[in-house]
Amino acid sequence: MRLNKFLAHCGIASRRQCDEIIFEKRVTVNETIIDAPGTEIDPDKDLITVDGDRVRLIKQFTYIKLQKPQGYISTKKDPHADQTVMDLLPKPYQHLVPIGRLDKDTTGILLFTDDGDLVHTLIHPRYEVEKQYLVQLAVAPAGFPEEELPKGVTLEEKAIANGQAIPLNGKRTLYRVILKEGKKREVKRIFRHYNTKVRKLHRELFAGISADDLAPGDWKKLTSDEIKKLKEQSVGKEFTQKRRQGRQKKLKQN
Ligand code: URA
């Protein structure tokens, strides 16, 4: 990229004003003063300063939601899979990664981004990002997840599932389930615990965002409000976690 274009992209000034700044010998590339605006630079490797201050390109991240249909694996690459969710995104978005996973037969919202920090936040159990599912069961559960899930249900291998399960019909074969941690195949494991099978699983919401405005297989970019919602997921939770750790430390000391 040309130096003047790079500076303009970084928001220093207009392209013409950046030319002036360069002519005035106020710009260095790898500690050498450069006075030719057309000098080629590598924004990833070169260290560029204006009046002694480091200048960086403002990275524009991409955020996409997909209405995942059945039959697609939620992975970047799987040599054994004939269809992955990446097949549903066009070429310019092949560098994005799915945020978390849905089973091959699960439908509903799946997000993609190249914002690595946000991916980390959204999949880390600490941040308790809410996921809401619609669950169609083969038969009614042998027991009452609606009463037990809020207190914690012990699954196989001692994993504990916490959340809410709301029956939506009299036969108790249709449930809305809200979970925060996102353990592997958690919904199916919860209902296996109650001796029933999940026939259909659809994720209605992820962090309050829905893809139900899209047809199966369709995708679109998140709105700025939706991106804001995602970014808010970490706000306050770090603080809560630190307070919780502080309290535990105190308890241990006493
Ligand atoms: N829980 C499951 O069992 N499967 C999914 O795809 C998502 C949550």
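In this predicted model, the largest pocket is the space that the ligand takes up. The shell around the ligand is made up of Leu-102, Asp-103, Thr-106, Tyr-133, Arg-185, Glu-186, Val-187, Lys-188 and Leu-201. By residue class, this shell divides into four nonpolar residues, one polar residue and four charged residues. Among the elements of secondary structure, helix α5, which spans residues 186–193, gives the most to the shell, with three residues.

Polar atoms of the protein approach the ligand at several points. On the side-chain part of the protein, a polar atom of Thr-106 lies 2.8 Å from an oxygen atom of the ligand. Backbone atoms are also involved, since a backbone N or O atom of Val-187 is placed 3.2 Å from a nitrogen atom of the ligand, and a polar backbone atom of Glu-186 is found 3.4 Å from a ligand nitrogen atom. The ligand, which taken alone exposes 230 Å², has 96% of that area buried by the protein.

The position of the ligand can also be described with respect to the domains of the chain. The domain assignment gives domain 1 (3–54), domain 2 (63–125 + 209–240) and domain 3 (130–206), with domain 2 therefore composed of two segments of the chain. Both domain 2 and domain 3 give residues to the shell around the ligand, and the ligand therefore lies between these two domains. As for domain 1, its C-alpha centre and that of domain 3 lie 56 Å apart.

Technical notes:
Residues numbered from 1 in each chain as written. Predicted model: local features only at pLDDT ≥ 70, side-chain atom pairs only at ≥ 80, totals over all residues. Heavy atoms only, no water. Near = heavy atom within 4 Å. Polar contact = N/O pair within 3.5 Å; in protein donor to acceptor, adjacent residues only side chain to side chain. Areas by Shrake-Rupley, 256 points an atom, 1.4 Å probe, with all protein chains shown as cover. 1 Å grid on protein atoms, 1.4 Å probe; cavity = no way out; pocket = protein on both sides within 12 Å on 5 of 7 lines; lining within 4 Å. Sits in = over half its atoms within 2 Å of the grid points. Helix = DSSP H or I, 4+ residues; strand = E, 2+ residues; numbered from the N terminus. Nonpolar A, V, L, I, M, F, W, Y, C, P; charged D, E, K, R; others polar.
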